[in-house]
Amino acid sequence: MFDDRIVSVSAHSSVAENPMYGRHGDVDTASAVLKFASGAVATLLCGRRMGWRQETRMEVHGTEGSESTDVAATGSRTHRLDGHEEQGEPFTSAMTRFKESYLNETDEFVRLVLGAESTSPPRQCLAALQVALAAEESVRTGRTVEIA
């Protein structure tokens, strides 16, 4: 979202609704707090069976404001727009929730196979991997993990 380095991760997860995920070493609910070098903080929430189904969002709070993502503005969540309530259909699967993401991922793969340059610079990919590994360690140990 902005050019800042993540310096620590504190993550938690559980199998809150479907034991099948636990049997396969996975979870259905997770959260993480990311701290950036600038002092900004991001909160990530993921859940396969939250009230909105397949919910994922990110919020970044800094000294000059906040940003948040909402990949798809539909779902069963009620929104207040100009004093009116609006309700969409719930997501029924990861495929319906993340359809555009899957299509973009496939398009990028085909572009790479055809010889195009990646839109994801290797340095950024490595940084994302370091954050993911730190999140796994944090879940496993119950501690905040610093990223060098």
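Here's a quick tour of one pocket, the strands beside it and a nonpolar core. Keep in mind that this is a predicted model. The second largest pocket holds about 430 Å³ of space, and the largest nonpolar core counts 12 residues. Strands S1 and S2 and helix H4 turn up in both stories, giving two or more residues to the pocket lining and two or more to the core.

**The second largest pocket**
- Its lining is made of 15 residues, and Ala30, Cys46, Ala135, Glu136 and Val139 sit nearest the centre.
- Two or more lining residues come from each of strand S1 (6–14), strand S2 (29–36), strand S3 (41–47) and helix H4 (122–141).
- By residue type, the lining splits into 10 nonpolar, 4 polar and 1 charged.

**Strand pairing around S1**
- S1 and S2 run antiparallel, joined by 8 bridges.
- Within S2, Lys35 is the residue facing Ser8.
- S1 also pairs with strand S8 (residues 145–146), again in the antiparallel sense, over 2 bridges.
- Val9 has Val145 in S8 as its bridge partner.

**The largest nonpolar core**
- The full membership is Ile6, Val9, Ala11, Ala32, Leu34, Phe36, Ala40, Ala42, Val131, Ala134, Val145 and Ile147.
- S1, S2 and H4 are the elements that supply two or more residues to this core.

**A closer look at Val145**
- Which residues does Val145 contact once its neighbours within four places in sequence are set aside? They are Val7, Ser8, Val9, Ala134, Glu137 and Ser138.
- Val9 and Ala134, both on that contact list, are core members along with Val145.

Conventions: Residues numbered from 1 in each chain as written. Predicted model: local features only at pLDDT ≥ 70, side-chain atom pairs only at ≥ 80, totals over all residues. Heavy atoms only, no water. 1 Å grid on protein atoms, 1.4 Å probe; cavity = no way out; pocket = protein on both sides within 12 Å on 5 of 7 lines; lining within 4 Å. Points joined across faces, edges and corners; volume = space filled by probe spheres on them. Helix = DSSP H or I, 4+ residues; strand = E, 2+ residues; numbered from the N terminus. Nonpolar A, V, L, I, M, F, W, Y, C, P; charged D, E, K, R; others polar. Pairing = 2+ DSSP bridges. Core = buried A, V, L, I, M, F, W, Y, C linked by side-chain atoms within 4.5 Å. Buried < 20%, exposed > 50% of the residue type's maximum accessible area, 1.4 Å probe, protein only. Contact = heavy atoms within 4.5 Å.
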